[in-house]
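Open the model in your viewer and keep the sequence panel beside it. The stops below say what to select and what is there.

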Amino acid sequence: MKITMIGTGYVGLVSGVCFSDFGHDVICVDKDPRKIEMLNAGEVPIYEPGLDTLMEKNVEAGRLSFTTDLASAVDGAEAVFIAVGTPTRRGDGHADLTYVMAAAEEVAQALTGYAVIVTKSTVPVGTNRKVKQVVAKANPAAEFDVASNPEFLREGAAIDDFMRPDRVVVGVQTDRAGDVMAEIYRPLFLRDFPIITTDLESAEMIKYAANAFLATKITFINEIAALCERVGADVKEVSKGIGLDNRIGNKFLHAGPGYGGSCFPKDTSALARIGQDHAVPQQIVETVIRVNDAVKLRMIEKLRDMCDGSFNGKTIAVLGVTFKPNTDDMRDAPSLTIVPALVGGGAKLRVVDPQGQREGEALLPGVHWLDDPYKAAQNADLVVVLTEWNEFRALDLKKLARKMSTPRMADLRNVYSPRDAKRAGFDAYESVGRKGAC
């Protein structure tokens with residue numbers, strides 16, 4: 001099939017590359033000529049493990065190309081996916097649909113035959129019907145259907161998630177659109193991956209409900225972690241104990257400095273706003289948002305306590321600033337709250353992150369970037385593990401402690417144990433939700 005992907009951000013690029021690997025002919029479109037130049041030169045503008053190799057393979061096979069010319073890309077397409085940004089709108093928490101509607105209007109004017117216009121972006125309930133209205137108004141003669149096809153990609157594992165999904169969700173209004181979407185996802189259907197075909201509104205709601213639930217799990221275990229610290233329990237043991245219950249499951253039960261990234265903060269905010277607009281307040285989601293913000297502030301106070309009550313004049317090494325490992329994404333990362341508080345308090349910050357510097361330099365002014373955690377720890381007063389990159393999971397703790405002025409570690413991802421830290425020579429070790437601080 002011929003597929004057009006509007007937008008080469010994280011979702012659009014990963015989806016376009018993977019669709020081409022299914023055997024479809026895919027043209028990815030973006031208004032940013034610099035990004036298209038990079039892609040045509042074989043350079044991937046985002047960090048996602050394995051994406052560069054898969055992209056190169058399908059470009060060489062002639063199934064994948066990139067352009068700024070939307071009209072030529074849409075000409076003859078059987079499906080046009082809209083995968084543009086829907087950032088949180090300033091002031092009211094709504095998802096900003098400006099880019100989605102602008103793309104829909106351009107697509108309408110470029111249609112030359114029947115096509116299914118598929119919204120891949122995360123959008124509020126009712127958006128696909130609005131897209132249909134926009135397209136019909138822009139081109140009354142257009143023959144088209146709309147479909148909702150939300151993505152469920154984890155950054156750092158997106159290719160595997162696309163190729164081996166827990167489920168594919170498709171919302172349609174007509175059998176004809178359903179047939180087109182079924183053909184697009186035939187390679188997954190043949191391998192017995194679940195494909196849920198439903199109505200537009202249900203598909204849109206599934207995405208928000210899923211992300212809000214996962215954000216709730218993370219926030220729940222972070223609240224339990226705070227209580228564990230007070231009563232002397234170990235949140236890792238608690239997580240294991242409840243996670244073995246099949247009704248609960250063990251995923252997203254890792255205590256830490258709060259959730260971040262491109263999805264959970266934006267989608268919980270949007271869902272809360274949708275609830276308010278329909279006079280059905282989503283009180284659990286609203287609480288999750290407040291608690292997550294409070295968790296980040298609690299981490300700052302934990303670090304302040306480890307610096308004898310003041311950051312002023314302290315040298316602090318921060319290991320990891322992306323919102324999770326195996327990505328360069330800094331959006332709403334806990335580091336964007338925690339690091340500025342340290343700098344603002346008078347600390348000298350050294351930061352190490354395998355992929356975070358490109359975005360982080362602009363977002364985290366006043367810090368010194370290094371490639372080596374041991375160099376960052378030289379004469380430092382505190383080391384903070386903020387993102388659990390593999391590079392930070394097997395550090396030589398004795399070597400790290402010896403290099404520090406005062407060997408103290410704040411392990412905000414519970415990578416190590418108090419016992420290991422004490423044996424390595426750390427005078428102080430704090431983690432999240434665990435007893436036995438040294």
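**Stop 1: Asp30**

Select Asp30, which sits in the loop between strand 2 (25-29) and helix 2. This is a predicted model. Asp30 counts as buried because its relative accessibility is 13%, and buried means under 20%. Show the residues around Asp30: leaving aside neighbours within four places in sequence, Asp30 is in contact with Gly7, Thr8, Lys35, Ile36, Thr67 and Thr68. With Thr8 there is a polar contact of 2.8 Å between the two side chains.

**Stop 2: the set that includes Asp30**

Now select Asp30, Lys35, Thr86, Thr122, Glu155, Lys266 and Arg331, which UniProt lists in an unreviewed entry under "binding site". These residues are spread over 302 residues of sequence and are also spread in space, with up to 24.2 Å between C-alpha atoms. From this set, Thr122 belongs to the lining of the largest cavity.

**Stop 3: Thr122 and the cavity**

Centre on Thr122, in the loop between strand 5 (115-119) and helix 6 (127-138). Is Thr122 buried or exposed? Thr122 is buried, with a relative accessible area of 7%. Not counting residues up to four places away in sequence, Thr122 touches Thr86, Glu151, Lys207, Tyr208, Lys266 and Asp267.

Next, display the cavity. The structure holds 1 cavity of 30 Å³ or more, and the space in the largest cavity is about 30 Å³. To see its wall, select Ser121, Thr122, Val123, Ser148, Pro150, Glu204 and Lys207, the residues that line the largest cavity.

**Stop 4: a second annotated set**

Lys207 leads to another selection. Under "binding site", the unreviewed UniProt entry also lists Phe152, Leu153, Arg154, Glu155, Lys207, Phe252, Leu253, His254, Ala255, Gly256, Gly260 and Lys324. They do not all gather at one spot, since they span 173 residues in sequence and the farthest two C-alpha atoms are 24.0 Å apart. Lys207 is the residue from this set that the lining of the largest cavity takes in.

Pick out Leu153 from the set. Leu153 is in the loop between strand 6 (144-148) and helix 7 (158-163), and counts as buried at 12% relative accessibility. Outside the four places on either side in sequence, Leu153 touches Tyr10, Val14, Ser15, Ala158, Asp161 and Phe162.

Then move to Arg154, which lies in the loop between strand 6 and helix 7. Arg154 is partly exposed, with a relative accessible area of 41%. Among the residues that Arg154 touches are Tyr10, Glu48, Asp161 and Lys324, not counting those up to four places away in sequence.

**Stop 5: Cys263**

Select Cys263, where UniProt places the feature "active site" in an unreviewed entry. Cys263 is in the loop between helix 11 and helix 12 (264-277). At a relative accessible area of 19%, Cys263 is buried; the cut-off for buried is under 20%. Which residues does Cys263 touch, not counting residues up to four places away in sequence? Cys263 touches Glu151, Lys207, Asn211 and Thr268.

**Stop 6: helix 11**

Step back along the chain to helix 11 (residues 235-243), where Val235, Ser239 and Gly243 are buried. These three are on the same side of helix 11, because they cover an arc of only 65° around the axis. On the other side, colour Glu237, Lys240 and Gly241, which are exposed. Show helix 10 (200-231) as well, as it is included in what covers the buried residues of helix 11. At the start of helix 11, a side-chain oxygen of Asp234 comes to within 2.9 Å of the backbone nitrogen of Lys236.

**Stop 7: the second largest pocket**

Turn on the pocket surface. The second largest pocket holds about 1400 Å³ of space. Its lining has 44 residues, and those closest to its centre are Gly9, Tyr10, Val84, Gly85 and Arg331. Helix 1 (10-21), helix 2 (33-40), helix 5 (98-110), helix 12 and helix 15 (357-363) each supply at least two residues of this lining. Helix 5 gives the most, with 4 residues.

**Stop 8: Thr315**

Finish at Thr315 in strand 9 (residues 315-319). Thr315 counts as buried at 11% relative accessibility. Leaving aside neighbours within four places in sequence, the contacts of Thr315 are Lys348, Arg350, Asn379, Ala380, Asp381 and Leu382. For a distance across the model, select Thr315 and Val169: their C-alpha atoms are separated by 49 Å, and the two residues are 146 residues apart along the chain.

How values were computed
Residues are numbered from 1 along each chain as its sequence is written. This is a predicted model: local features need pLDDT of at least 70, side-chain atom pairs count only at pLDDT 80 or more; totals for chains, interfaces and linings use all residues. Side-chain values use heavy atoms; hydrogens and water are left out. Buried means under 20% relative accessible area, exposed over 50%, partly exposed in between (1.4 Å probe, protein chains only). The arc is that of the directions from the helix axis to the C-beta atoms. Contact means heavy atoms within 4.5 Å. A polar contact is a pair of N or O atoms within 3.5 Å; within protein, one must be able to donate a hydrogen and the other to accept it, and residues adjacent in sequence count only if both atoms are side-chain atoms. UniProt positions are given in the numbering used here, feature names are shortened, and annotations may be inferred rather than shown by experiment. On a 1 Å grid over the protein atoms alone, a cavity is a set of points where a 1.4 Å probe fits but cannot get out, and a pocket is an open set with protein on both sides within 12 Å along at least five of seven lines; lining residues have an atom within 4 Å of a point. Grid points are joined across faces, edges and corners, and a volume is the space filled by probe spheres set on the points.
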